[in-house]
Amino acid sequence: MAQIIAEVSRTFNEFLLLPNRTRTDCSAATVDLRTPLVRHVAGEAPAIELRSPFTSAIMQAVSTPELAIALARNGGLSFLHHNQPIEDQAAAVRQVKNFKAGFVTSDTNVRPDDSLGLLTEVMRRTGHSTAAVTHDGTATGRLLGLVTSRDFHPQRHGLDGPVSSRMTTIADLAHAGPEITLSEANARLWDERLDCLPVLDAGGHLQHLVFRSDYADNKRFPNQLVDADKRLRVGAGINTHDYRERVPALLEAGADALCFDSSDGYSDWQAQALSWVKKHYPEIPAGGGNVVDGEAFTFLAEAGADFVKVGVGGGSICITRDQKGIGRGQASAVLDVAAARDAFRERTGAYVPVCSDGGLVHDYHVALALAMGADFVMMGRYFARFDQAAGAKLPTRDGFVKEYWGEGSNRARNWQRYGQGGGRGLVFEEGVDGYVPYAGDLDEGLALTVAKLKTTMVSCGSATLPEFRSTARLTLVSDQSFQESHANVTLRETPGTVS
Ligand code: IMP
């Protein structure tokens, strides 16, 4: 006979945190959001630790290289999606690993014989006023000179003349070799009164430009998540179909962590694939999931998973529960899995971090997920709203929206994530295709969420996430007390806020 689990399946909206005593040395300024990403011996330092407990969903609409760069600069980690050819995903990994803060790949490039008219058009398109003049007009061609919008006037010099007539040639141009560090480059910008310093390889080909105007920008990110060579870290999603080819290519490209991406990770396929990765590439962390209970967590932890993702059916674009009747309220799932993680640690001495994936709609849901035991969270909808995500930004009557679509939608058709027996296709949709409110730049949006999380932790008397997890007190809310949570007056008009 089927087993009926006595406990009701609950979600985040049904809980509130009770404030705990806050000591004078616990303030938003002292709260530490570091958290382990990967399996480690309990009590010892993990090989990779997030500086902030946020990861972005393994989705076409979300985890672009641009978003991965922005998130890692803020201390979190993206998992680049695997619903693309292996070489494209590897190139995306390389793009993040090659990012050097302050070292910009030139996007405004011309050839010396291009006209000043073309140069004006290129500058208008990119919005930048410094152009590299390379032998072939590419960002990595041999550098012949620089030309800025201050070097020519359309009426005075005409638009038909060649760029070479107004550029500063390489012979008169300060430039640097490939070994220069950012602080050395910044020192030269100030000492030599330069606006821009080109960095060239040994053959004189352009590698990067360093701009004086970016100096302050680089100071803004004290929490960057970087590897031993100071390169930003990036994760990559993988699947149980082509991992034998995909994993080596991603490692070659420099991925720091992998994650099996499946709507249902409690399967022999995932255990076999995890064992294969652990056997052939023991040095690369590989997470597993998704699961919703302790039994499935233990299964994947025993198969070698370095972290386990929790969540089935709670995602904002998800219709798995409607379509298949499978899933569990995200709060119940996280509580159950976190208990299994602690039992696993007691039994084996290994700590396998837990990620709460999907269904986080309000900022305070992040705090609840972490209080309930998640080591970090993964979000799709949240990150899809930012400039750096893949979806187009579209105007509406009330402002802007961004496109956001599920991996199980007809638009993404990620058959590797959804085992429906349909070969290389979906038999039915498990996700929808829609829009989310546009929320601007990731840096600003995430800073706000982090500020709220820290303030919640301070109210709960916790200066660290492990302390938050172990001391949090949560209460269930009735419908009536839920109503009480919201403002109960007629609101004065305020500038639009986005949730
Ligand atoms: P969100 O943060 O609520 O938008 O949920 C994002 C999560 O939903 C992802 O990390 C996936 O685990 C899951 N997901 C992504 N695409 C789909 C889909 O098409 N159907 C169901 N779940 C999905």
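**Exercise 1. The ligand shell**

Into how many nonpolar, polar and charged residues does the shell around the ligand divide?

*Solution.* The structure is a predicted model, in which local features need pLDDT of at least 70 and side-chain atom pairs count only at pLDDT 80 or more, while totals for chains, interfaces and linings use all residues. Residues are numbered from 1 along each chain as its sequence is written.

Step 1. Identify the shell: 24 residues surround the ligand, where a residue is near a molecule if its C-beta atom, placed from the backbone, lies within 6 Å of it. The closest are Gly315, Gly380, Gly406, Gly408 and Gly431.

Step 2. Assign classes: Ala, Val, Leu, Ile, Met, Phe, Trp, Tyr, Cys and Pro count as nonpolar, Asp, Glu, Lys and Arg as charged, and the others, Gly among them, as polar. The shell then divides into 8 nonpolar, 12 polar and 4 charged residues.

Step 3. Locate the contributors: strand 19 (376-379) and helix 13 (381-384) each supply at least two shell residues. Helices (H or I, at least four residues) and strands (E, at least two) are DSSP runs numbered from the N terminus.

**Exercise 2. The barrel and a helix packed on it**

State the order and the pairing sense of the strands that close into a barrel, and describe how helix 11 packs on this sheet.

*Solution.* Step 1. The barrel has 8 strands in the order 5-6-13-14-15-16-18-19, with parallel pairing; two strands pair if DSSP finds at least two bridges between them. Neighbouring strands are turned by 30° against each other on average, direction ignored.

Step 2. As one example, strand 15 (residues 286-291) and strand 16 (residues 308-310) pair in the parallel sense over 3 bridges. Val310 in strand 16 is the bridge partner of Val291.

Step 3. Helix 11 packs on the sheet and touches strand 15, strand 16 and strand 18 (354-357), contact being defined by C-beta atoms, placed from the backbone, within 7 Å. The direction of helix 11 makes about 175° with that of strand 18; axes are lines fitted to C-alpha atoms, for helices over the stretch in contact, and angles run from 0 to 180 degrees between N-to-C directions.

Step 4. Strand 15 also holds Asn290, which a cis peptide bond joins to Gly289, with omega about 0°.

**Exercise 3. Two helix pairs**

Classify the crossing of helix 9 and helix 11, and then describe the packing of helix 1 and helix 2.

*Solution.* Step 1. The axes of helix 9 (residues 294-302) and helix 11 (residues 330-348) come within 8 Å and cross at roughly 45°. The two helices are therefore oblique to each other, given that angles under 35 degrees count as roughly parallel, over 145 as roughly antiparallel, 65 to 115 as roughly perpendicular and the rest as oblique.

Step 2. This crossing is right-handed, that is, the near helix is turned clockwise from the far one by less than a right angle.

Step 3. Helix 9 contributes Gly294, Phe297, Thr298 and Ala301 to the contact, and helix 11 contributes Asp336, Val337, Ala339, Ala340, Arg341 and Phe344. By class, these are 6 nonpolar, 2 polar and 2 charged residues.

Step 4. Helix 1 (residues 65-73) and helix 2 (residues 86-97) pack at about 35°, with axes 9 Å apart, and their crossing is right-handed. Pro65, Ala68 and Ile69 of helix 1 meet Ala92, Gln95 and Val96 of helix 2; this contact has 5 nonpolar, 1 polar and no charged residues.

Notes
A residue is near a molecule or strand if its C-beta atom, placed from the backbone, lies within 6 Å of it. Two residues are in contact if their C-beta atoms, placed from the backbone, lie within 7 Å.
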